[in-house]
Amino acid sequence: SGSHVYADNGTYTVTVCVKDDDNDQTCDTLLVTVSNATPTITPSSGAETFEGTPVGVQLATLQDQGTADTHTATINWGDGSPVQNAVLSETPFGPPGATSGTNGTIYGSHLYVDDGNFTVTVTVKDDEGATATTTLSITVKNTPPVVTMSGPSSSNEGQTQAYTFTVTDAGADTWTFTPGYPNCGSVGTVVSGSLAITATGGSFTCLFLDGAHTSVVAVQAVDS
C-alpha cells in the first residue's frame, strides 16, 4: 500500500513493482483518476473609507486543494462600476501536492464617488473553470464640502466689495447654502440681486455700512 497527494486533477498511470531478493521483478499498472477540487473563498471583515478617497483592502482569502491550480479573481464593488480584476497572491505552487493545498489572499483598490453601504462581490476561478464567490460590506462615509473664498480684506464705509467662492466636494454630491449664508458680517449686507451661483461656486457683493468696524464675510455650504 502507499499514499500520495496529487497536485492537480487528471488521470495518472501508477506503476507498482515488486522485487524479490534475487532481483526478480514484476510490475503492474493501474489508473488513478483525480477530480478537480473547487476552491473555497472566505471574506474579510469589511472596511470603511471616505468618498473620493481610494481604498486598498484585503478582500478575501483563498484555499484550493490543488497546489498546481492557477487562479484568477474578480471584484464587483457594488456601485455600478465595471467588474475589476483582483490582485491575487498564493503559495505554495506545486507539484508536489500537499494536504494543506494552496492558500492565497485577494486584494483590490477602488475609489467610491459617493457615500453609502456597498456589498462587494469577490469571485475566484481555477484553471478548470470551477468558481467560488463571497461577499463583504464596505462602508463609505461622506466627506464635507470645502469652500474657498476670495475678495478684498478691507473696505471704506459705504463701499461695495465683490467676493467669489468655489465649492469642492470629494464625492458626487450637490450642495446648497447653509441658511443665513452667504453673509457680510455685522456691519455688511449682501447687495440684492448680486448673488450668482454655479455648480462649483459663485459670487456676491457686500455693502459695508458707515463706521469703523470689523466684519466677517462668510460662505457656508452643505452637501446633499
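**Entry 1: the core**

I began with the largest nonpolar core of this predicted model. I counted 21 residues in this core, and those with the most contacts inside it are Leu 59, Trp 77, Ile 106 and Val 120. Next I looked up which elements give two or more residues to the core: they are strand 5 (55-64), strand 6 (71-76), strand 10 (116-126) and strand 11 (131-141). Strand 5 gives the most, with 5 residues.

**Entry 2: Phe 118**

I stayed with strand 10 for a moment, as Phe 118 lies there. Is Phe 118 buried or exposed? Phe 118 has a relative accessible area of 14%, and buried means under 20%, so I noted Phe 118 as buried. I also checked Phe 118 against Gly 171: 53 residues separate the two in sequence, and their C-alpha atoms are 15 Å apart in space.

**Entry 3: the loop after strand 1**

I then moved to the loop between strand 1 (10-19) and strand 2 (25-34), where I found Asp 20. Which residues form a negative surface patch with Asp 20? I wrote down Asp 21, Asp 22 and Asp 24 as its partners in the patch. Asp 20 has 36% relative accessibility, so I put Asp 20 down as partly exposed.

Asn 23 lies in the loop between strand 1 and strand 2 too. Its phi caught my eye: the angle is near 65 degrees, a positive value in a residue other than glycine. With 58% relative accessibility, Asn 23 goes into my notes as exposed, because the cut-off for that is over 50%.

**Entry 4: a nonpolar patch**

My next stop was a nonpolar patch on the surface. Val 16, Val 18 and Leu 30 make up this patch, and together they have about 260 Å² of accessible area. I traced Val 16 to strand 1. Its relative accessible area is 44%, so Val 16 is partly exposed.

**Entry 5: a cis peptide bond**

Last, I looked at a proline. What is the form of the peptide bond from Tyr 181 to Pro 182? I found that this bond is cis, with omega near -5 degrees. As for its place, Pro 182 sits in the loop between strand 14 (175-177) and strand 15 (188-190).

**Where I would point a newcomer**

If you are following along, start from Leu 59, one of the residues with the most contacts inside the core. Then turn to the loop that holds Asp 20, and finish at Pro 182 with its cis bond from Tyr 181.

Definitions and conventions:
Residues are numbered from 1 along each chain as its sequence is written. This is a predicted model: local features need pLDDT of at least 70, side-chain atom pairs count only at pLDDT 80 or more; totals for chains, interfaces and linings use all residues. Side-chain values use heavy atoms; hydrogens and water are left out. Patches are made of residues with over 30% relative accessible area and no salt bridge: like charges are joined within 9 Å, nonpolar side chains (Val, Leu, Ile, Met, Phe, Trp, Tyr) within 5 Å. Accessible areas come from the Shrake-Rupley method with a 1.4 Å probe; for residues, only the protein chains shown count as cover. A salt bridge is a side-chain nitrogen of Lys or Arg within 4 Å of a carboxyl oxygen of Asp or Glu. Lys and Arg count as positive and Asp and Glu as negative; His and the chain ends are not counted. The place of a charge is taken as NZ of Lys, CZ of Arg, CG of Asp or CD of Glu. Helices (H or I, at least four residues) and strands (E, at least two) are DSSP runs, numbered from the N terminus. Buried means under 20% relative accessible area, exposed over 50%, partly exposed in between (1.4 Å probe, protein chains only). A nonpolar core is a set of buried Ala, Val, Leu, Ile, Met, Phe, Trp, Tyr and Cys residues joined through side-chain atoms within 4.5 Å.
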